[in-house]
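Work through the exercises below with the model open. Try each task before reading its solution.

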Amino acid sequence: MKKIGLFNVDLDIDYLKKKILKEEKKIIKKYPPVGYTNQPTDGETGLGLDSLTSRYYHFNVLKWDGTKQLAKEIKRCYNTFTETNQDIYVQCWANVMRCGEKIKSHKHNYFPERNIISGNLVIHSNEMNTYYEGSAVPNKISSLTLFPGTVYHWTDTYHGQEERITIAFDIRTYKDWKEDVFDDAKSHWVKL
């Protein structure tokens, strides 16, 4: 299996949970469920075109008020995971799942020559797992997982009564951001 990084982060998780649920309806109403090809998509997650995830291309959680510490934690974890300290660019979105939903197997990078690191931060969840190339990682609040963007990942079916909330993101170096991100999407990324 490819290298997976597991980290505990120091964040105001309750604030992030409330903020995501508050923004969810606004984002779904404001943006269409399309990605960089301008075609309908839910990011290959199976969550559907009515999901917050299907708007991942149109917003960045790191641009919201109260997310400065989140940006610091992503950068700290990235530096530890890659054993580097360089400028990075991050596209960061939220996922909200409800009882009976699951995220199907997908990956964020289909081009191995591109150096994309992806991540998942658990904001709220009951006992369930996220699988990275078949290896189960228990969803624990305040746990952040980093992994190569070429890694297939998915979840169990969610059975909680409250929402399962995560923050997902992709990280690129300046070179990869400059060469691979469409010009009209560059402003969605945040430099850390």
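**Exercise 1. Find the partners of a salt bridge in a helix, and place each as buried or exposed.**

Solution. Start with the contact. Lys-26 and Glu-23 join their side chains in a salt bridge, 3.6 Å from N to O. This model is predicted.

Next, locate the pair. Both residues belong to helix α1 and sit three residues apart, about one turn of the helix.

Now check accessibility. Lys-26 has 44% relative accessibility, so Lys-26 counts as partly exposed. Glu-23 has a relative accessible area of 13%, which is under 20%, so Glu-23 is buried.

**Exercise 2. Describe the helix that holds this pair.**

Solution. Take the length. Helix α1 covers residues 13-30, 18 residues in total. From first C-alpha to last, α1 reaches 25 Å, close to the 26 Å expected.

Then look for a bend. A kink of about 30 degrees is centred on Glu-24.

Last, list the covered side. The buried residues of α1 include Ile-13, Leu-16, Ile-20 and Ile-27. Among the elements that cover the buried residues of α1 are β2, β3 and β8.

**Exercise 3. Compare two further salt bridges by where their partners lie.**

Solution. Begin with Asp-87 and Lys-191, whose side chains meet at 3.6 Å, N to O. This pair links distant parts of the chain: Asp-87 is in the loop between α2 and β2, Lys-191 is in strand β9, and 104 residues separate them. Asp-87 is partly exposed at 41% relative accessibility. Lys-191 is partly exposed too, at 49%.

Turn to Glu-179 and Lys-175. Their closest N and O atoms are 3.4 Å apart. Both residues lie in helix α3, four residues apart, so about one helical turn separates them. Glu-179 and Lys-175 are both exposed.

Finish with the total: the structure holds twelve salt bridges.

**Exercise 4. Which strands pair with β3, and in what sense?**

Solution. Take β6 first. Five bridges join β3 to β6, and the two run antiparallel. Ser-118 stands opposite Phe-147 in β6.

Then take β8. Seven bridges pair β3 with β8, again in the antiparallel sense. Here Asn-120 faces Ala-168 as its opposite in β8.

Check how covered β3 is: eight of its eight residues are buried.

**Exercise 5. Identify what packs against helix α2.**

Solution. Helix α2 spans residues 68-82. Its buried residues include Leu-70, Ile-74, Tyr-78 and Phe-81. The buried residues of α2 pack against β1, β2, β3, β6 and β8. After α2 comes Glu-83, with a positive phi near 55 degrees.

Key: Residues are numbered from 1 along each chain as its sequence is written. This is a predicted model: local features need pLDDT of at least 70, side-chain atom pairs count only at pLDDT 80 or more; totals for chains, interfaces and linings use all residues. Side-chain values use heavy atoms; hydrogens and water are left out. Buried means under 20% relative accessible area, exposed over 50%, partly exposed in between (1.4 Å probe, protein chains only). Two strands pair if DSSP finds at least two bridges between them. The expected span of a helix is 1.5 Å times one less than its number of residues. Contact means heavy atoms within 4.5 Å. The bend at a residue is the angle between axes fitted to the seven residues ending there and the seven starting there. A salt bridge is a side-chain nitrogen of Lys or Arg within 4 Å of a carboxyl oxygen of Asp or Glu.
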